[in-house]
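Student: I should like to learn how to read the features of a protein model that I have not met before. Could we go through one together?

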Amino acid sequence: MNRLLMLSALFCSVSVVFGAASDGHAFFGDPPDDAHPWAVHDQNRPLPKVVTPGTFSSAEQPGKPPADAIVLFDGTEASLANWEPDDKAKGKPWILKDGALECVPKSGYTKSKKEFGDVQLHVEWAAPKKVEGNGQGRGNSGIFLPGNLEVQVLDNYNNPTYADGTAGALYGINPPMVNPLNPPGEFQVVDIVFRRPLFKDGKCTEPGHVTVFINGVLVQDSTPPEGSGGFMGRSKARPYPEKGPLKLQDHGNPVRFRNIWYRELPTRIVEDGSNGHLSPEATMAKRKEIAAGIREDAAKLKDANNPLPELLRLAESLIYEKEDATFQKVSEMAKQFVDGVKQLPADKLGSKRGEIMSLNGAFRYLSTKAGVLPADFAPKTDLEKLIKDQNWK
């Protein structure tokens with residue numbers, strides 16, 4: 001939308017500025033603070049990127065990944081090139097069979113050539129239809145995240161084993177909340193959100209978490225990964241690599257995998273040890289950046305015949321950074337605007353009502369809610385008197 005049209009829509013009346021119905025803009029919700037660089041419902045906040053969603057998998061067919069996914073295996077010969085033996089000296093490649101990546105027993109782990117850190121990961125696996133073995137010896141494999149944290153793969157359909165080794169467990173760390181597996185031979189759909197632990201100066205500042213769904217059922221709910229788990233060993237918190245490959249385990253069973261893709265997640269800014277929140281210093285730096293962008297935008301709105309859009313935009317920048325030069329310019333432009341409307345004859349003053357009310361609403365927000373204008377700011381006092389004298393509401 002053209003900025004002038006947007007300003008006209010946003011500041012057309014005080015009822016819009018302070019009403020419940022709004023598109024969201026700076027003169028509306030609570031202002032920025034020490035932990036939040038944007039106002040609530042802030043029109044200056046970047047919109048989410050549009051992503052075309054994928055489709056869900058069925059027992060017969062894998063679904064389609066979302067448009068921004070990085071595909072590691074799609075059932076084609078070409079996608080085998082994305083994988084290599086974890087042990088290049090002793091390992092052997094896994095095979096393509098009926099559109100699936102199948103483990104060849106005693107071939108060793110396979111791993112993706114691509115590496116990632118924090119991630120949304122999608123994997124589908126199926127144990128052999130012919131049931132052989134029991135406990136940990138039946139349809140066993142594993143999904144190893146960067147840092148060697150294992151999400152257990154095991155045929156636990158009517159096949160109990162120790163809880164923290166059940167399918168969907170963070171192996172050796174935390175059992176799944178429930179067992180939602182399909183029968184052997186059918187694919188299990190696994191979705192994982194992985195946030196690695198963060199360390200600074202040898203101390204853990206964020207323990208990280210792993211969320212896992214199997215066949216649409218939540219089995220791990222933001223579980224801290226601790227260390228990496230393992231067989232018979234207690235995990236201890238430790239740093240994880242920034243990035244690493246996805247590994248699939250050879251545990252001696254011909255487990256099949258299909259439709260493997262991931263979406264890298266944005267890096268968390270955790271400068272003060274909090275969970276994903278900006279530090280006061282980082283918040284202020286971001287607010288300065290936002291204010292500078294708004295001032296640049298205001299310069300493009302400069303119009304001697306219609307100064308209000310530039311004035312409103314400059315005033316908006318003060319919410320993020322009370323820069324002295326901008327404050328002075330806003331004060332001067334506001335005085336000129338108010339002096340101009342005060343000199344208008346009564347029969348022409350009504351045509352300026354919308355602009356007057358918009359600017360007055362902005363002044364009220366800036367003084368009472370954002371605290372960047374003094375309560376006795378002269379243009380604000382003059383406008384309020386003019387509005388009262390005209391009996392405008």
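Tutor: The following dialogue takes up the sheet, the strands, the helices and two residues in turn. Please keep in mind throughout that this is a predicted model.

Student: Let us begin with the open sheet. In what order do its 5 strands lie, and in which sense do they pair?

Tutor: One reads a sheet by following its strands from one edge to the other. Here the order is S2-S5-S14-S7-S8, an open sheet with antiparallel pairing. At its edges lie S2 (83-85) and S8 (149-153), each of which pairs on one side only. On average, and with direction ignored, neighbouring strands of this sheet are turned by 30° against each other.

Student: How many bridges join S5 to S14, and which residue of S14 stands opposite Thr110?

Tutor: Strand S5 (residues 110-116) and strand S14 (residues 244-248) run antiparallel and are joined by 4 bridges. Thr110 has Leu248 of S14 opposite it. S14 also pairs with S7 in the antiparallel sense, over 2 bridges. In that pairing, Ile143 stands opposite Leu248.

Student: How many of the residues of strand S7 are buried, and which way do they point?

Tutor: To judge how covered a strand is, one counts its buried residues, a residue being buried when its relative accessible area is under 20%. In S7 (residues 141-145), 5 of the 5 residues are buried, so the strand is largely enclosed by the rest of the structure. Ser141, Ile143 and Leu145 point one way, while Gly142 and Phe144 point the other way.

Student: Over how many bridges do S7 and S8 pair, and what is to be seen in their hairpin?

Tutor: S7 and S8 are antiparallel partners over 5 bridges. One of the residue pairs is Ser141 with Val153, its bridge partner in S8. The hairpin has 3 residues between the strands, and in it Gly147 takes a positive phi near 95°.

Student: Strand S9 also interests me. How many of its 8 residues are buried, and over how many bridges does S9 pair with S12?

Tutor: Strand S9 (residues 188-195) has 6 of its 8 residues buried and is thus mostly covered. Strand S6 (residues 119-126) runs antiparallel to S9 and is joined to it by 7 bridges. His122 has Asp191 as its bridge partner in S9. S9 and S12 pair over 6 bridges, again in the antiparallel sense, with Phe194 opposite Val210 in S12.

Student: May we turn to the helices? At what angle do the axes of H5 and H8 cross, and which residues meet there?

Tutor: For a pair of helices, one considers the distance between the axes, the angle and the residues in contact. The axes of H5 (residues 324-342) and H8 (residues 378-390) come within 9 Å and cross at roughly 25°. Angles under 35 degrees count as roughly parallel, and H5 and H8 are therefore roughly parallel to each other. H5 passes H8 in a left-handed crossing. On the H5 side the contact includes Ser331, Ala334 and Val338, and on the H8 side it includes Pro379, Leu383 and Leu386. By class, the contact of H5 with H8 has 6 nonpolar, 1 polar and 3 charged residues.

Student: How do H7 and H8 cross?

Tutor: The axes of H7 (residues 353-369) and H8 come within 10 Å, with a crossing angle of roughly 130°. That makes H7 oblique to H8. The crossing of H7 and H8 is left-handed. Among the residues that make the contact are Ile356, Phe363 and Arg364 of H7, together with Lys380, Glu384 and Ile387 of H8. The contact of H7 with H8 divides into 8 nonpolar, 2 polar and 3 charged residues.

Student: Is helix H4 largely enclosed or exposed?

Tutor: The same kind of count serves for a helix. In H4 (residues 308-317), 10 of the 10 residues are buried, so H4 is largely enclosed by the rest of the structure. Charged side chains are included in this list of buried residues: Glu310, Arg313 and Glu316.

Student: Lastly, where are Asn215 and Asn259 found, and what is the phi of each?

Tutor: A positive phi in a residue other than glycine is worth noting when one reads a backbone. Asn215 has a phi near 50° and is found in the loop between S12 (209-214) and S13 (217-223). At 25% relative accessibility, Asn215 counts as partly exposed. Asn259 has a positive phi of about 50° and is placed in strand S15 (residues 256-264). At 8% relative accessibility, Asn259 counts as buried.

Conventions. Residues numbered from 1 in each chain as written. Predicted model: local features only at pLDDT ≥ 70, side-chain atom pairs only at ≥ 80, totals over all residues. Heavy atoms only, no water. Axes fitted to C-alpha atoms, helices over the stretch in contact; angles between N-to-C directions. Parallel < 35°, antiparallel > 145°, perpendicular 65-115°, else oblique. Left-handed = near helix turned anticlockwise from the far one by under 90°. Contact = heavy atoms within 4.5 Å. Pairing = 2+ DSSP bridges. Buried < 20%, exposed > 50% of the residue type's maximum accessible area, 1.4 Å probe, protein only.
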